[in-house]
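Colleague: Could you pick one part of this model and take me through it slowly, neighbours included? I'd like to know how it sits in the rest of the chain and how far I can trust it.

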Amino acid sequence: MAPHFQSDDPIVEALFLGTSRRRGAGRCIARRLYRRLASRRGSGARPRCRVVLALDIARFTSRDEATQIHLRAVMYRIVDEALAAARIGRRGSRLEDRGDGLLMVLRAQASLDTVLPALFGNIREGVQDHNATAAPSARLRLRAALHAGFLHHDRYGVAGDTVNLLFRMLDAPAMKRRLDDEDADFALAVSPNVYEAATGYRLIDGKDFELIDVDVKQTRASAWLYLAPPPGPARHGSHPTRVAG
């Protein structure tokens, strides 16, 4: 049975339709928020409450062109396998290529209890499995960011404060510095509202995360950072997330 948790943040409630005991209330909250945002922004706005994530290959431009192409292929293979293993898949989700990474807007049915721990656990293990046999020059080190909230769809793609904060977290100097300090293969930054929800529902153990500053461009915020253990015999240790019994 899922643990009972209630948040003061209506977006947190709306994003846990698959876990919360208040499924009907969550749907009503989502509908009310949608109507409120649409009325404020006009008929052209299409706000949707979604789980979004972004990935970035660390030190991508320092590699030669052949290695860049190889690492892109490895990243996409790992993501496709992780989506399939988490039973999310690409259908209904949106993937946008960013050269040295990608943006993923997961389908509406992919709530946070699906993404954590299954999706990110499989991405992390995919990175570490690749690195276990890869040459040093082809080692894949991946930064990831996870956020959830309302964003806007138009014919060009997606936009909004949710997407902006997602990429600010991904580019946070503190995250890059900690990844290098620990020589880690994988780092995950989650937004405060995701952290609140995931710890409240015991999808993650808060002790596995550290608070960092997000100081990028005009953004001054914070995020919670998980670092995978450094390469070594114990590399397949604990997941970044732990499911409650």
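Modeller: Here is a close look at one strand and the loop after it, followed by some other places in the chain.

Bear in mind that this is a predicted model, so confidence is part of the choice. I went for strand 6, residues 186-190, which has the highest mean pLDDT among the elements of the protein chain, at 97. At the other end of that ranking is helix 2, residues 23-41, with a mean of 49. The chain as a whole averages 82, and 75% of its residues score at least 70.

For orientation, the protein chain has seven helices and eight strands. Of its 245 residues, 51% count as buried. Among contacts with a separation of 6 or more, 71% are between residues 24 or more positions apart.

Now to the strand. Which residues of strand 6 point to each side, and are they buried or exposed? F186, L188 and V190 are on one side, A187 and A189 are on the other, and all of them are buried. That makes five buried residues out of five.

Strand 6 has partners in both senses. With strand 4, residues 142-154, strand 6 runs parallel, and five bridges join the two. One bridge to look at there is L142 with F186. With strand 8, residues 219-227, strand 6 runs antiparallel, joined by four bridges. On that side, A187 stands opposite L227.

Keep going along the chain and you get to S191, in the loop between strand 6 and helix 7. S191 has a relative accessible area of 0%, so it counts as buried, the cut-off being under 20%. Its side chain makes a polar contact of 2.6 Å with the side chain of N193. Leaving out neighbours within four places in sequence, S191 is in contact with L146, H147, A148 and M169.

N193 takes us into helix 7, residues 192-200, where the buried residues are N193, V194, Y195, A197, A198 and G200. A reminder for reading that list: an α-helix has 3.6 residues a turn, so residues three or four places apart point the same way. Helix 7 is followed by R202, which has a positive phi, near 60 degrees.

H147, one of the contacts of S191, also gives us a link to strand 1. The C-alpha atoms of R50 and H147 are 8.6 Å apart, although 97 residues separate the two along the chain. R50 is in strand 1, and it counts as buried because its relative accessible area, 18%, is under the 20% cut-off.

From strand 1 you can step to strand 3. Strand 1, residues 47-57, pairs with strand 3 in the antiparallel sense over five bridges, and L53 has M104 as its bridge partner. Strand 2, residues 94-97, is also antiparallel to strand 3, over four bridges, with E96 partnered by L103. Three residues lie between strands 2 and 3 in their hairpin, where G99 has a positive phi near 80 degrees. Strand 3, residues 101-105, is covered too, with five of five residues buried. G101, L103 and V105 point one way, while L102 and M104 point the other.

As for the helices, helix 3 packs against helix 4, residues 112-133, at about 140 degrees, with the axes 8 Å apart. The crossing is right-handed. On the helix 3 side the contact is made by residues including L71, V74 and I78, and on the helix 4 side by residues including L119, I123 and V127. Helix 3, residues 65-85, also holds Q68, which is buried because 17% relative accessibility falls under the 20% cut-off. The Q68 side chain reaches the backbone oxygen of F60 at 3.4 Å. Beyond four places in sequence, Q68 is in contact with F60, T61 and R63.

Finally, where should you be wary? Over residues 17-30 the pLDDT stays under 50, and the model gives that stretch 22 contacts beyond four places in sequence. Residues 234-238 are below 50 as well, with 13 contacts beyond near neighbours in sequence. For strand 6, by contrast, the mean is that 97 again.

Note on methods:
Residues are numbered from 1 along each chain as its sequence is written. Side-chain values use heavy atoms; hydrogens and water are left out. Buried means under 20% relative accessible area, exposed over 50%, partly exposed in between (1.4 Å probe, protein chains only). A polar contact is a pair of N or O atoms within 3.5 Å; within protein, one must be able to donate a hydrogen and the other to accept it, and residues adjacent in sequence count only if both atoms are side-chain atoms. Contact means heavy atoms within 4.5 Å. Two strands pair if DSSP finds at least two bridges between them. pLDDT is the predictor's confidence in each residue, from 0 to 100. Axes are lines fitted to C-alpha atoms, for helices over the stretch in contact, and angles run from 0 to 180 degrees between N-to-C directions. A crossing is left-handed if the near helix is turned anticlockwise from the far one by less than a right angle, and right-handed if clockwise.
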